[in-house]
Amino acid sequence: MTETLTPAEDRLRRHAAPEGDIAAATRTLVVGPYLTRAAERSASSGETPRSIEARLDEATGLAAAIELDVTQAISVQIQRIRPSTYLGKGRVEEIAGLIAAEEIGLVVADCALSPVQQRNLEKAWGAKVIDRTGLILEIFGRRASTREGTLQVEHAHLSYQKSRLVRSWTHLERQRGGFGFLGGPGETQIEADRRQIQERMTKIERDLDSVTRTRGLHRTSRARVPYPIVALVGYTNAGKSTLFNALTKADVKAQDMLFATLDPTARATKLPHGETVILSDTVGFISDLPTSLIAAFRATLEDVIEADILLHVRDVSHGDTEAQREDVDTVLRELGIEANADRIIEVWNKADLLHEGERTRLANLGNQSGSAAPVLVSALTGEGLDALSSRIEKRIATARSTFAVKLGPEEGAALNWLYENAEVLDRKSEEGGAMHLAIRIAPEKEPRFLNRFEGARRIRSATR
């Protein structure tokens, strides 16, 4: 018996790629279904509103990050979200006509679709549909390179897929998930897939526990090193990796692409006056991060919690820079870090993209008195990097106490302990071999220091 398909289903069958294998050559349409300003204001909680243009541009950038062939990007303003298709019936039909005319095989919806909404849109449009969550999962899956990152992303992807095992196909041979598992006797294909997915998720959770314990040991080992940690945080594509490379002379991947860097990278570097610090580049933040990825996302940010200083890198040339700042501040608060914390330095990056008047205005703001003033820089041209390095040095100095210590010539072990656990600022020797040292030490190591060197004299107390 010949199977009868509607034109939309036939088109979907021809264009469909297996789940988790989005073909870059597929002609792609980006659709931004956004609430009207009035509807958005009634639903918002006081956040800075984003422009539709910037939101659609970000969605297109996410698609470009995995080299999709984006032929067109359109925004659709809606009064309310429809439970069945997210968009209204008229809009769905209008987009269906565009998809048919342009022979679109993949539609990226810049919103979070329920499984029912995704399935209904695929039927109506005759094209594969992925939402913002699926797109970000795809990006993370391609970019994760560390074992933990790969496991976290796979776990998030399986959790997402578990609710979407019933695809849009009406013919039974395609009514299965994207993993291709074989079902046992008495099980439907979907039940078998769901069981296999759950078993894989359980195994990943066990593996993650092991990796987390190992990472904890590494972090404990790093804590014994007397170097302060400076972590770069910020919205994706704010220029963190370019700034990281400029400060460390490293060659971390940096390009004009969302989520160009996913796994954290750390390098030791010296500041102008000789202070050695560990600089850590972290994953970029983004608005509306999929809930299934929050655990994976936060796992890469654990070093941020332990950092002595946070550089909040902002792209001040971006039209939505204030909204991006709020997104970053929200994530930091969820990590237990207040946005106005003393250890945060705001870095206003991409000064080279500003027109002269705006650059002058921001530079004047950055010259305000007080340690909370932002630093205007261009990681690309090097403008302002000396001022940033000086600010980091000053902030480290204010967060650590300074002591004067006197050691006898026979106290070589004590001298070695100071060099391993503290920063030796000055050292002078007397004629008989006794030594006078000025040292600066991290707050968490201060109790051990005072217990060992009872005669130490505090020169300056730390301020936080």
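**Exercise 1. Start from Phe 449: decide whether this residue is buried or exposed, then find its aromatic partner.**

*Solution.* Phe 449 has a relative accessibility of 0%, so this residue counts as buried. Keep in mind that we are working with a predicted model.

Next, look for ring partners. Across the whole structure, three aromatic pairs turn up. One of them joins Phe 449 to Phe 403, with ring centres 4.9 Å apart and planes at 50°, a tilted arrangement. Because Phe 403 sits in strand S11 (residues 401-407) and Phe 449 in helix H16, this pair ties together parts 46 residues apart in sequence. Phe 403 is buried as well, at 1% relative accessible area.

**Exercise 2. Work out which aromatic residue pairs with Trp 417, and where the two partners lie.**

*Solution.* The partner is Phe 453: the centres are 5.8 Å apart, the planes meet at 50°, and the pair is tilted. Trp 417 belongs to helix H15, while Phe 453 lies in the loop between H16 and S14, so the pair bridges parts 36 residues apart in sequence.

Now check burial. Trp 417 has a relative accessible area of 12% and is buried; Phe 453 is buried too.

Then widen the view to other contacts. Beyond its neighbours within four places in sequence, Trp 417 touches Ala 422, Ile 441, Arg 448, Phe 449, Arg 452 and Phe 453. For one of these, Arg 452, the C-alpha atoms are 9.8 Å apart in space although 35 residues separate the two in sequence.

Finally, put the rings together: ring pairs link Phe 403, Trp 417, Phe 449 and Phe 453 into a cluster.

**Exercise 3. Compare the placement of three salt bridges: Arg 91 with Glu 94, Arg 325 with Glu 322, and Glu 446 with Arg 458.**

*Solution.* A reminder first: side chains of opposite charge can pair when their charged atoms come close. The count for this model is 16 salt bridges.

Step one is Arg 91 and Glu 94, whose closest N and O atoms are 3.5 Å apart. Both are in helix H4 (residues 89-102), three residues apart, so about one helical turn separates them. Arg 91 is partly exposed at 34% relative accessibility.

Step two is Arg 325 and Glu 322, at 3.0 Å from N to O. Here too the partners are three residues apart, this time in helix H12 (residues 321-334), or about one helical turn. Both are partly exposed: Arg 325 at 21% and Glu 322 at 37%.

Step three is Glu 446 and Arg 458, at 2.9 Å from N to O. This pair links distant parts of the chain, with Glu 446 in helix H16 (residues 446-452) and Arg 458 in strand S14 (residues 457-460), 12 residues apart. Glu 446 is buried at 14%, whereas Arg 458 is partly exposed at 36%.

To finish, look for shared partners: Arg 314, Glu 322, Arg 325, Asp 329 and Glu 346 are joined by salt bridges into one network.

**Exercise 4. Describe the surroundings of Arg 440.**

*Solution.* Begin with location: Arg 440 is part of strand S13 (residues 435-441). Its relative accessibility is 12%; the cut-off for buried is under 20%, so Arg 440 counts as buried. Then list contacts, leaving out residues up to four places away in sequence: among them are Glu 275, Ala 397, Arg 400, Glu 423 and Arg 460.

Conventions. Residues numbered from 1 in each chain as written. Predicted model: local features only at pLDDT ≥ 70, side-chain atom pairs only at ≥ 80, totals over all residues. Heavy atoms only, no water. Buried < 20%, exposed > 50% of the residue type's maximum accessible area, 1.4 Å probe, protein only. Contact = heavy atoms within 4.5 Å. Helix = DSSP H or I, 4+ residues; strand = E, 2+ residues; numbered from the N terminus. Salt bridge = Lys/Arg side-chain N within 4 Å of Asp/Glu carboxyl O. Phe/Tyr/Trp six-rings, centres within 6.5 Å; stacked < 30°, edge-to-face > 60°.
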